[in-house]
Amino acid sequence: MTLNQIVELIDSKTDAGNLPGPNAQYAMSSIGRKSRVLSEFGKKAHKKSAVLILLYEKNSKVYFPLTQRRSYKGVHSGQVSLPGGKLEVDDIDLSHTAIRETHEEIGINKNQIQLVGQLTDLYIPPSNHHVHPYVGFLDDTPNFKKDDYEVEELLETPLENLLDDSIISETKINIGNGLRIKTPYFDLHNRVVWGATA
């Protein structure tokens, strides 16, 4: 499919509210995630966040960027993620958060990003973030400029890779609270892409 066809498909699904929602999210979730979300969401004030799936064409394929986070003292240290972050006081809304964070992390001009729609939000219990994912696109192949403070590596990812079931596997992950969990993941760029990103 071309970028235009994918954008039209996503636009029609998000406009009609015809998204698979939590069921699709739970398919790539660790064992016990559903019960943790149901038991923890809403019990304390959560942090609002947004991420952006940014589509663009390169070499006649549709891509999106992932980032390898730098190591730091935090729950998501070193993980592979979509560009994004928490809602700031000056953000107009969460779509603005997604665009601003994408600009800050990987250097995309905010005025070049065209939003298509919003996917189903999700809650991340370990960091207490309520994440709102957006889909956007660029008319041109981007010239990335990663923020070396936040981003270890930028990973340009062909969208078609997500349709290959052979990249889905299972592993055990050590999470911040000392627990070890079993979780499905996408093997992308020889990295474990799991959790909310998956």
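In this predicted model, Glu104 and Arg100 form a salt bridge, with 3.1 Å between the closest N and O atoms. Both residues belong to helix H4 and sit four residues apart, about one turn of the helix. That spacing fits a familiar pattern: an α-helix has 3.6 residues a turn, so residues three or four places apart point the same way. The two partners differ in their surroundings, however. Arg100 counts as buried because its relative accessibility is 10%, below the 20% cut-off, whereas Glu104, at 36%, counts as partly exposed.

The rest of helix H4 is a good place to look next. The helix runs over residues 94-106 and has 13 residues. From first C-alpha to last it reaches 18 Å, close to the 18 Å expected at 1.5 Å a residue. H4 is mostly covered, with 10 of its 13 residues buried. These buried residues are Leu94, Ser95, Thr97, Ala98, Ile99, Arg100, Glu101, Thr102, Glu105 and Ile106. The cover over them includes six strands: S1 (47-58), S2 (61-69), S4 (84-86), S5 (114-118), S7 (129-137) and S8 (151-158). Just after the helix, Gly107 adopts a positive phi of about 75°.

Helix H1 (residues 3-16) offers a second view of helix packing. With 14 residues, H1 reaches 20 Å from its first C-alpha to its last, close to the 20 Å expected at 1.5 Å a residue. Its buried residues are Leu3, Ile6, Val7, Ile10 and Thr14. Seen down the axis of H1, these buried residues fall within an arc of 100°, so they line one face of the helix. They pack against S1, S2, S5 and S7, four strands that also help to cover the buried residues of H4. On the face of H1 turned away from the buried side are the exposed residues Asn4, Glu8, Asp15 and Ala16. Just after H1, Gly17 takes a positive phi of about 65°.

Turning to the chain as a whole, there are four helices and 11 strands. Of the 198 residues in the chain, 42% are buried. Among contacts between residues at least 6 apart in sequence, 62% join residues at least 24 apart. The chain exposes about 11100 Å², and carbon and sulfur atoms supply 48% of that area.

Salt bridges can now be taken up again. Side chains of opposite charge can pair when their charged atoms come close. The count in this model comes to nine salt bridges. One of them joins Glu160 and Lys61, with the closest N and O atoms 3.2 Å apart. This pair links distant parts of the chain, 99 residues apart: Glu160 lies in the loop between S8 and strand S9 (168-174), and Lys61 lies in strand S2. Glu160 counts as partly exposed because its relative accessibility is 44%, and Lys61, with a relative accessible area of 34%, is partly exposed as well. Another salt bridge is formed by Asp148 and Lys146, whose closest N and O atoms are 2.6 Å apart. Here too the partners are partly exposed, Asp148 with a relative accessible area of 46% and Lys146 at 32% relative accessibility. Salt bridges that share partners also join Asp91, Arg100, Glu101 and Glu104 into one network. Within this network, the pair of Glu104 and Arg100 is the one with which this account began.

Two strand residues complete the picture. Ser81 is found in strand S3 (residues 80-81) and counts as buried because its relative accessibility is 6%. The side chain of Ser81 makes a polar contact with the side chain of Arg69 at 3.4 Å. Leaving aside residues up to four places away in sequence, Ser81 touches Leu66, Thr67, Arg69 and Thr197. Ile124 has its place in strand S6 (residues 122-124). With a relative accessible area of 13%, Ile124 is buried. Although Ile124 and Lys47 are 77 residues apart in sequence, their C-alpha atoms are 9.8 Å apart in space.

Conventions. Residues numbered from 1 in each chain as written. Predicted model: local features only at pLDDT ≥ 70, side-chain atom pairs only at ≥ 80, totals over all residues. Heavy atoms only, no water. Buried < 20%, exposed > 50% of the residue type's maximum accessible area, 1.4 Å probe, protein only. Expected span 1.5 Å × (residues − 1). Contact = heavy atoms within 4.5 Å. Areas by Shrake-Rupley, 256 points an atom, 1.4 Å probe, with all protein chains shown as cover. Salt bridge = Lys/Arg side-chain N within 4 Å of Asp/Glu carboxyl O. Arc of directions from axis to C-beta. Polar contact = N/O pair within 3.5 Å; in protein donor to acceptor, adjacent residues only side chain to side chain.
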